[in-house]
Structures are given as structure tokens and as C-alpha cells.
Amino acid sequence: MSVLLQEARRHRERGALDEARRCCEALLASEPGHGDASELMAAIAADAGQFAEGLRWAQAAIAANPRSGAPYFTLGRLYQAEGRLEDAAQSYRRCLSLSPERASAHNNLGSVLQLLGKLDLALASYRRALELDPSLPQANQNVAALARDAAAAEAAIAGYQRAAQANPQDAQALVDLGNTYRELGRHSEALESFARALERSPSLPEAHFARSLELLLCGDYPQGWEEYEWRWKVKALNTPLRKLDAPLWDGRALPGGTVLLHAEQGFGDTLLFARYASLVAERCSRVVLECQSELASLLARTPGVHQVVAAGHALPPCDAHLPLMSLPRVFRTTLDSVPWTGPYVLPDAARAAESARLASAPGLRVGLVWAGRPQQGDDRKRSCSLAMMAPLARAAGATFYSLQKGPPASQAAAPPRGMTLVDLESHIGDFEDTAALIANLDLVITVDTSVANLAGALGRPTWVLLSTIPDWRYHLGREDTPWYPAMRLFRQSQPGDWTAPLDQAARALATLASGRG
């Protein structure tokens, strides 16, 4: 191996990318087309987030060494950072066809598969990575997150600590360490790790974004909203900030002006932040809301919204625009100032009247949702099964209504023993139908899904079953959330164990059904 190549690799390992690049350039000057040097130049570019540069060198390396898996691995990293997940998966698979024992490629393929919602395949890739390298911290972290494996989490922590100590320039290892601490509920250590990462790399978007989620979870909204604005620079999220002719709205009054608000993430997030439309309307003449087509007709009745545009359709002219999830920062929302003046999502009156016949049983009428979309990355953590909800059947006189959609809805055909369950799936075509049904129920019990946000925004009594480390909006240790006054939270005491929250909910439901609550 060339002395210059060895030096370049040593420089890269300690994070000195410029020195590594100079060594490679010197080698390539004397040996143009050197395959290993070209591959290392591609890897250095990937480390620095330089997609076009990395792609050029990776292609040169493949041309020089077509039987080497290394340039395909780097190509996968480049595509993954750009959010081109299918291209990344194809590159990692090509790498593994040439280098099947490369543990890091199995792990990275698993990460891409997880982002694509292929969770079983992702877990298999992670486990194969650990068979090849049991100490690989990224694979241990991923197995811990997907399979709730405490031993894997501790192995990940040890691995990231070693990596951070060995390479003082490696801020990402500290970000990964902080994320692992977060999933273990070690929140002060998570924040400390993110702070150390930012000391090493003050402009690292992944560190700012991870810190924002931890701050929001812990209720530090002022700092959390500021850090949350870094989400646009996290390439793996693949959500670049919209570029429109109008400027971003900063909260100032626009008499006679139009402000465009646009959804950016999931259904639940859109439902959560639609409440701000009425506040925006106080500072301008028109509020236009662009949202998912599935929510368009429902949110057209939201106070403050003058016009709704389904995503993908032409937008009207506006004087300023803002993503929905930047509104709490503009309005300086704290835990004590979350806006709520009453229900802001309103069911269609005609549909609600028609749905009344579907939910007309005497006694307590309870809607149930036990699973989210399987493709969602945290679905294994947040979803349960209908069978696990068996304790709820102890509530005498209660009639349950399945609001579940998707493949898990088939479980309604075999409800737990003693549970009177009406399957409403065939009557639910869209969110308007779900909202109309919820309007006729006394209570909704659900895991953390968009239905939880829908029921909360409708102002209906809602009980949410939560994992040990939930989404930030549910915070830690509380039985309530400031975002939805009619919502009650039931939390796991042990990761993956739904026994405690369901038993607590069952007792509360029995009391409610008996008329004593």
C-alpha cells in the first residue's frame, strides 16, 4: 500500500479531511486513476457532505476497481445523505454482493430499509451486521431502537464513547450517543452529549436537530423551537425549506396581506399546528393553508383559514409564507402559552348526523385505535394489538367502535373475549368520516397516531397510550398535555410493555362506565 494512501487514511480517521485530501491528490498526481485513492476521495467528500464531488470520485473508483465493494458503499452514503433512499439501497446491495462481510454496509442498508418502512428487513440487516461485528455501535443502536434490546443499547453507548474519544473531531459519534441516551430515558446525559457535539462542530445540523427534539420533550420550548429550525439542513430528512417568491413570515402585521401556511410533515403534525391559523389571521387579511389532500376539506372549516389548497395544486399569490411547524417559534409558545380557545377542527354537520346511527349503542361509546402505519419508523414502539386491549373489556356496559385503518384493522374480526366491538372500517373513507364518527363517541382510546391528534383537535375526550419515550408533544411524566385539554395520557413503565398503561386505562374506564367517574 502506498505511504501516501496510508497517511491519507490516518488523517481521515482523526477527522483531518483537508490533510487526507492533500495526500490523495498527491498520489493521484503521480498515479492518475488510482482506484483506492479515488475511493478515499469519494469517502472524504461524503464525510464533508459534498455530494457532487463524492459522486464524481465514486464513479472514478468504480471504473478503476469494478470488483471492489468500497466505492459502492460510499456511493450509498452519498445517496442516503441526499435522501435518495432507493438509490442508496441499490448501492449498498451492490457493495454487499462484492463484499458480503462488510458489517457497516449491512447496517447502512438496514437504516435505509427502516426509512423506507421495511422494518423486518431492516432488523435482519442490523442483526447480520452484529453477527459480523458485535461491537459496531450504529448497528447496536439500531437494534436497540427497533427491538428494544437493552444490551444492544449499552453496547452502542460504549462504542460511541470509544469513537468520540479516539477521534476528537467526530461530532456525529456524540450525536448518536445522545440519541441512544434519549431512548434509554437518560435525558441529562443526552443533552450533555448534544452540547459536546456542538462544541466540536457548532454548525452540525444533526446535532442541533437532535438537541431540539430533546429540549421539546423536556418542555424547554424557547430553546427547542430555535434549534428546531435546523431541520431544514438535515439532509436525511429530505425536507428542504420551500423556496417561494414571498419572504418567510416573521409574525409582523400585514394589513391587507395574505400569509400562506404550508404543512411539512405527517397528518398528526398538521392537525396539531392548524390551531395557529386563527392567530395568524389576527395579523393579516387572509390565511391560505396548503395541506395534505386527505385533510383539505376537514381543515377548510378551521377558524382563521380563508382558503385551503391541497398539496400539489397551484398556490395563490401571497405576501409571506411559513411552514406550520415554525409557527410556535414565531408566536414564542411556551408550555404555559400553548394556544387553545376550544376545538378548532370541526366535523361536517351532515356527516356527523348521518354517522350517529353507526354509533348509537346505549351506555358508554368508546372508539379504539391500536396501531399506526407500519411504515412509520417508530411504529413498533408506538403500536400495540387489539388483543392487548383486552383489559378494557372489563368496563361493564361499554360498547367499543374500531376506528382502525390499514392492515391492523383486520384484527377487529376477532375482538378480545367479552368486548363488544363494532367494526367501522368500511364506513371510514377519509378524515372527514373519522371526525364525524368521533363526534358521536364519548371517548377515544388510541395509541400515538393521527387519530389522537384529530380527536384532541375536535375537543373530544381522548386517552392516549404511550411508550416510555414518546413523541415530544407528550413530554415526560405527565398525565396531560398542554396541547389538548381533553386528553389524558397513560404511559408504559417498561419499554415495550403495554400492561401497565392498559391496566390503568381499564380501571379508569370501568369507573367512567359505572357512572362514578
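Which residue stands opposite Val309 in strand 3? Select Val309 and look across: the residue facing Val309 is Glu290. Keep in mind as you click along that this is a predicted model.

**Stop 1: the sheet**

Stay with these two residues and widen the selection to their strands. Strand 2 (residues 284-291) runs alongside strand 3, and the two pair in the parallel sense over four bridges. Now bring in the rest of the sheet: four strands form an open sheet with parallel pairing, in the order 3-2-1-4. At the edges you will find strand 3 (307-310) and strand 4 (320-323); each has a single partner strand, so one side of each is left without a neighbour in the sheet. Rotate the view to follow the twist: on average, neighbouring strands of this sheet are turned by 20° against each other, direction ignored.

**Stop 2: aromatic rings**

Next, show the aromatic side chains. How many aromatic pairs does the count come to? The count is 16 aromatic pairs. Begin with Trp249 and Phe331, a tilted pair with 5.9 Å from centre to centre and 55° between the planes. Their backbone positions are worth displaying too, as the pair links distant parts of the chain, 82 residues apart. Trp249 is in the loop between helix 14 (221-228) and strand 1 (254-262), while Phe331 is in the loop between helix 18 (327-330) and helix 19 (349-355).

Are these two rings buried or exposed? Trp249 has 3% relative accessibility and therefore counts as buried. Phe331 is buried as well, because its relative accessible area of 16% is under the 20% cut-off.

Move on to Trp463 and Phe490, whose ring centres are 5.2 Å apart; their planes meet at 50°, so this pair is tilted. Trp463 belongs to strand 9 (residues 462-466) and Phe490 to strand 10 (residues 487-491), so the pair ties together parts that are 27 residues apart in sequence. Both Trp463 and Phe490 are buried.

**Stop 3: a cluster**

Go back to Trp249 and Phe331 and add Tyr221, Trp225, Phe273, Tyr276, Trp472 and Trp483: together these residues form one aromatic cluster.

**Stop 4: charges over rings**

Keep Trp472 on screen and add Arg473. Arg473 lies over the face of Trp472, at 5.8 Å from the ring centre. For a last selection, pick Arg102 and Phe73. Here the charged end of Arg102 sits over the ring of Phe73, 4.2 Å from the centre of that ring.

Key:
Residues are numbered from 1 along each chain as its sequence is written. This is a predicted model: local features need pLDDT of at least 70, side-chain atom pairs count only at pLDDT 80 or more; totals for chains, interfaces and linings use all residues. Side-chain values use heavy atoms; hydrogens and water are left out. Rings of Phe, Tyr and Trp (its six-membered ring) pair if their centres lie within 6.5 Å; planes under 30 degrees apart count as stacked, over 60 as edge-to-face and the rest as tilted. Buried means under 20% relative accessible area, exposed over 50%, partly exposed in between (1.4 Å probe, protein chains only). A charge sits over a ring if NZ of Lys or CZ of Arg is within 6 Å of the ring centre and within 35 degrees of the ring normal. Two strands pair if DSSP finds at least two bridges between them. Axes are lines fitted to C-alpha atoms, for helices over the stretch in contact, and angles run from 0 to 180 degrees between N-to-C directions.
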